[in-house]
Amino acid sequence: MGIPSWAWITWAVVAIGSFAVLETIAIVNGRSPDTLSENIRRWIGIEPPSKARLIGIPAFLAVLLGFTAWFVPHILLNWP
């Protein structure tokens, strides 16, 4: 028995919905760093500037590009 489509749809709705709720709260309260973008910049050492960016930025790019390089052919070409 496989995972039914409704389970994946429910997961996606919960994930997107929770992001929307957290991001809306962060934008409305105006505090920094509360948004996801602000936190990612902090995690990879961009804001405030730190030596962590020497590893953080390349690592972020590698993960983002690697995921994209896999995900696009996976969806469009049915690639594993």
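Leaving aside neighbours within four places in sequence, Thr-35 is in contact with Glu-23, Ala-26 and Ile-27; contact means heavy atoms within 4.5 Å. Thr-35 lies in the loop between helix 1 and helix 2 (36–43). Thr-35 is buried, with a relative accessible area of 12%. The cut-offs are under 20% relative accessible area for buried, over 50% for exposed and partly exposed in between, with a 1.4 Å probe and protein chains only.

This is a predicted model: local features need pLDDT of at least 70, side-chain atom pairs count only at pLDDT 80 or more, and totals for chains, interfaces and linings use all residues. Residues are numbered from 1 along each chain as its sequence is written, and side-chain values use heavy atoms, with hydrogens and water left out.

**Ala-26 and the loops**

Ala-26 is found in helix 1. It is buried, at 6% relative accessibility. Outside its neighbours within four places in sequence, Ala-26 is in contact with Arg-31, Asp-34 and Thr-35. The C-alpha atoms of Ala-26 and Leu-36 are separated by 8.6 Å, at 10 residues apart along the chain.

The loop between helix 1 and helix 2 also holds Pro-33. The peptide bond from Ser-32 to Pro-33 is cis, with omega near -5°. A cis bond also runs from Glu-47 to Pro-48, with omega near 0°. Pro-48 is in the loop between helix 2 and helix 3.

**Helices**

Helices are DSSP runs (H or I, at least four residues), numbered from the N terminus. The expected span is 1.5 Å times one less than the number of residues.

| Helix | Residues | Expected span | End C-alpha distance |
|---|---|---|---|
| Helix 1 | 25 residues | 36 Å | 36 Å |
| Helix 3 | 24 residues (53–76) | 34 Å | 33 Å |

For helix 1, expected span and end distance agree. They agree for helix 3 too. Gly-30 follows helix 1 and has a positive phi, near 70°. Just after helix 3, Asn-78 takes a positive phi of about 55°. Asn-78 does so although it is not a glycine. Asn-78 is exposed, with a relative accessible area of 68%.

**Aromatic pairs**

A ring pair is described by the distance of the centres and the angle of the planes. Rings of Phe, Tyr and Trp (its six-membered ring) pair if their centres lie within 6.5 Å; planes under 30 degrees apart count as stacked, over 60 as edge-to-face and the rest as tilted. By this rule the count comes to 4 aromatic pairs. One of them joins Trp-8 and Trp-11, edge-to-face, at 6.0 Å centre to centre and 85° between the planes. Both residues lie in helix 1 (residues 5–29), 3 residues apart, about one turn of the helix. Trp-11 is exposed, with a relative accessible area of 55%.

Trp-70 and Phe-71 form a tilted pair, 5.8 Å centre to centre with 45° between the planes. Trp-70 is partly exposed at 33% relative accessible area, and Phe-71 is partly exposed at 35%. Ring pairs link Phe-67, Trp-70 and Phe-71 into a cluster.

**Surface patch**

Phe-67, Trp-70 and Phe-71 are among the residues of a nonpolar surface patch, which also includes Val-72, Ile-75, Leu-76, Leu-77 and Trp-79. Together these residues have about 860 Å² of accessible area, from the Shrake-Rupley method with a 1.4 Å probe, where only the protein chains shown count as cover for residues. Patch residues have over 30% relative accessible area and no salt bridge; nonpolar side chains (Val, Leu, Ile, Met, Phe, Trp, Tyr) are joined within 5 Å, like charges within 9 Å. A salt bridge is a side-chain nitrogen of Lys or Arg within 4 Å of a carboxyl oxygen of Asp or Glu. Trp-79 lies in the segment after helix 3. Trp-79 is partly exposed, with a relative accessible area of 45%.

How values were computed
Helices (H or I, at least four residues) and strands (E, at least two) are DSSP runs, numbered from the N terminus.
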